[in-house]
Amino acid sequence: MAKTKGLSIIIVGCGKVGETLVEQLIREGHDITIIDKDAARVESLAGTYDVMGLVGNGASYSVQVEAGIEKTDLFIAVTESDELNLLCCTVAKRVANCSAIARVRDPAYSQEVSYLQEKLGLAMIINPELETAREAARILALPTVLDVSPFAHGQAELVRFKIPQGNVLDGMMLYDLSKKLDTNVLICAIERGGEVYIPTGNFQMMQGDVISVVATSQTTRLFLSRIGFKTNQVRNTMIIGGGKAAYYLAQQLLPMGIEVKIIENNRARCEELSELLPRATIINGDGTDADVLKEEGLKYAESFVPLTGIDEENVMLTLHARHVSKAKVITKINRIAFKDVIGQLDLGSVIYPRYITSEAIIAYVRAKKNSMNSNVETLYHLFDSRVEAIEFRVNERSAVTGRMLKDLRLKKGLLIAFINRDGEILIPTGHDTIEAGDTVMLVTTHTGFNDIRDILA
């Protein structure tokens, strides 16, 4: 099918998230203009990615007009200030008939997202710290895996894990999986030695492979149990740093019955957290001090999540925890300059808030860009963005509907992982069909799919 023209997009804020958005949206063929008060940031980003750059206040009417707001399809505000982001979007919506997305992180606004979104007419409000906390909570509910990505409004999930030494999967051919383990899961991607494969039935799994599995939540746990992985959630967690992400994570874990201990250096913040989280244990101390960690029982903690604002501290704390305890560790990393080095370290589950934010926005951009034939519902990048897991809603009949999958000429490097039909998750065979009204998840080494018809060769 013919490629549709890219969108005209203005991004206000050239920080970590802004840069990630520029990098990914340029790759997908969109026309980008960036705005920031910091001239050096604008110059650096505009030079690196060959985009239009403006130095100024993104909430200024004249600056927005100079940036071309009147012909813009999408306006995204991701500065460090929630209030500025909301103001930028409000001005943009008054001036132009564009969609607007704001990054809003303050817990004070988190209860009011729906109200703000409706009253300000925003397409989306995204909170990176809250989304980071949700991802960490999903992992701590299933701590033997590397990460858990929900699809079909939580009815299905993609789970990644590493095959340990001596595991039943070591040496098994994919076509033997369902016969030997009697579970209806789909292995849709495998990473081995830095290479990523969309495997066929004659692929042989090996120790050390990182496996991506798609199934319903219940089936996933049954499968993991049968290959010898524990599926019970952690009973307690130790969090280092008492910032927004720590607050949101505690809010997620406490209702799950998981005990939470937060170690925070700032006394005033400790008092604030004690009021906000009366069921959590708040310790005023230096969480980067090995003696403090020992005294607070790191050796016996079931999980450990360093959420300081410094990546290097988070990495070192994770390595220390792995050395002195058997805790499940989750490492939050904001910058990605040393991603190759980080990939070689044994950091357990690694979360990149900037990617969580950009993926949600890019899913919206693709849905906005395509025809009405289908919509991008969910998007995740896997294995350093070399693989995409995309969920489409199929709105109407097309060249892919009503025909058995075995009769469709599909692109190589692509796997249809599930079909969600009226709330029932189907792991498809060649005899199944895609129908209007379904949502369909696919895993692919291609990037930039906007429409379900993009799967056809």
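**Exercise 1. How many aromatic pairs does the structure hold?**

Keep in mind that we're working with a predicted model.

Step 1. Count the ring pairs: the structure holds seven aromatic pairs.

Step 2. Pick one of them, Phe161 with Phe223: their centres are 6.2 Å apart, with 55 degrees between the planes. Planes under 30 degrees apart would be stacked and over 60 edge-to-face, so what remains is tilted. The Phe161–Phe223 pair is tilted, then.

Step 3. Place it on the chain. Phe161 belongs to strand S8 (residues 156–162) and Phe223 to helix H9 (residues 217–226), so this pair, 62 residues apart, links distant parts of the chain.

**Exercise 2. Work out whether each ring of two tilted pairs is buried or partly exposed.**

Step 1. The cut-off for buried is under 20% relative accessible area.

Step 2. Phe161 has 1%, so it's buried. Phe223 also comes out buried, with 1%.

Step 3. Now take Tyr197 and Phe203, a tilted pair with ring centres 5.4 Å apart and planes at 55 degrees. Tyr197 is partly exposed at 33%, while Phe203 sits at 13% and counts as buried.

**Exercise 3. Find which residues ring pairs link into a cluster.**

Step 1. Follow the ring pairs, and you get Phe151, Tyr380 and Phe418.

**Exercise 4. Describe the second largest pocket and its lining.**

Step 1. Start with volume: about 530 Å³.

Step 2. Go to the lining, which has 34 residues; closest to the centre are Leu307, Thr308, Gly309, Lys332 and Asn334.

Step 3. Look at the elements giving two or more residues: among them are helix H1 (16–27), strand S13 (259–264) and helix H15 (353–369).

Step 4. Sort by class, and you have 10 nonpolar, 13 polar and 11 charged residues.

Technical notes
Residues numbered from 1 in each chain as written. Predicted model: local features only at pLDDT ≥ 70, side-chain atom pairs only at ≥ 80, totals over all residues. Heavy atoms only, no water. Phe/Tyr/Trp six-rings, centres within 6.5 Å; stacked < 30°, edge-to-face > 60°. Helix = DSSP H or I, 4+ residues; strand = E, 2+ residues; numbered from the N terminus. Buried < 20%, exposed > 50% of the residue type's maximum accessible area, 1.4 Å probe, protein only. 1 Å grid on protein atoms, 1.4 Å probe; cavity = no way out; pocket = protein on both sides within 12 Å on 5 of 7 lines; lining within 4 Å. Points joined across faces, edges and corners; volume = space filled by probe spheres on them. Nonpolar A, V, L, I, M, F, W, Y, C, P; charged D, E, K, R; others polar.
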